[in-house]
Amino acid sequence: MNAYDQHMQSIYRQMREDLVQVGFKELTTSEDVTETMDKLEGTALIVINSVCGCAAGQARPAVKEALNEVQFKPDHLFTVFAGQDKEATEKMREYFPEVPPSSPSIALWKDGALAYFIPREQIEISQMETIKTHLTEVLEQFIAQ
């Protein structure tokens with residue numbers, strides 16, 4: 001790894017750790033995604049992470065706060081990092097082809113299919129509190145069933 005790559009990795013580390021610290025498992029290769037998704041049972045919250053301001057100021061904080069508030073939590077928490085783990089992100093997006101690529105974004109996976117999706121367009125125009133409330137409602141609706 002050259003000096004530039006090392007520098008960039010140090011910048012992105014905290015962006016990754018925001019979700020890992022609250023229990024998300026990073027899927028960094030297309031193989032990780034395939035192995036995880038093909039045998040996945042139950043529910044999963046999947047965050048397509050990003051370096052943009054709406055990921056830092058809205059998406060990641062909203063996800064963390066929503067998970068703290070909900071009574072029923074997903075069985076699994078996964079994240080891929082768009083722009084950093086390109087192959088993993090592309091592979092994850094193949095599991096919900098009906099949704100245009102979007103990062104950051106938040107997907108709820110249930111019973112082997114995409115149950116709900118919050119795209120970047122909704123994240124970037126909303127306040128963190130609004131996204132948190134929306135995600136809390138989605139989780140309560142889909143996980144409690």
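In this predicted model, Asp-111 sits in the loop that runs between strand E4 and strand E5 (113-118). The backbone here deserves a look: the phi angle of Asp-111 is near 55°, a positive value in a residue other than glycine. The residue counts as exposed because its relative accessibility is 66%, which lies over the 50% cut-off.

A second backbone feature is found in the loop between helix H4 (86-93) and strand E4 (105-110), where Pro-104 is placed. The peptide bond joining Ser-103 and Pro-104 is cis, with omega at about 0°.

Turning to the aromatic side chains, a search of the whole structure returns 3 aromatic pairs. One of them is formed by Tyr-95 and Trp-109, whose rings meet edge-to-face, at 6.1 Å centre to centre and with 80° between the planes. Tyr-95 belongs to the loop between H4 and E4 whereas Trp-109 belongs to strand E4, so this contact ties together parts that are 14 residues apart in sequence. Trp-109 counts as buried, at 5% relative accessibility.

Another pair brings in Tyr-116 and Phe-142: the ring centres are 6.0 Å apart and the planes stand at 50°, so the arrangement is classed as tilted. This pair links distant parts of the chain, with Tyr-116 in strand E5 and Phe-142 in helix H6 (residues 128-143), 26 residues apart. As for exposure, Tyr-116 is partly exposed, with a relative accessible area of 28%, while Phe-142 counts as buried at 17% relative accessibility. Phe-142 falls in the buried class because the limit is set at under 20%.

Key:
Residues are numbered from 1 along each chain as its sequence is written. This is a predicted model: local features need pLDDT of at least 70, side-chain atom pairs count only at pLDDT 80 or more; totals for chains, interfaces and linings use all residues. Side-chain values use heavy atoms; hydrogens and water are left out. Helices (H or I, at least four residues) and strands (E, at least two) are DSSP runs, numbered from the N terminus. Buried means under 20% relative accessible area, exposed over 50%, partly exposed in between (1.4 Å probe, protein chains only). Rings of Phe, Tyr and Trp (its six-membered ring) pair if their centres lie within 6.5 Å; planes under 30 degrees apart count as stacked, over 60 as edge-to-face and the rest as tilted.
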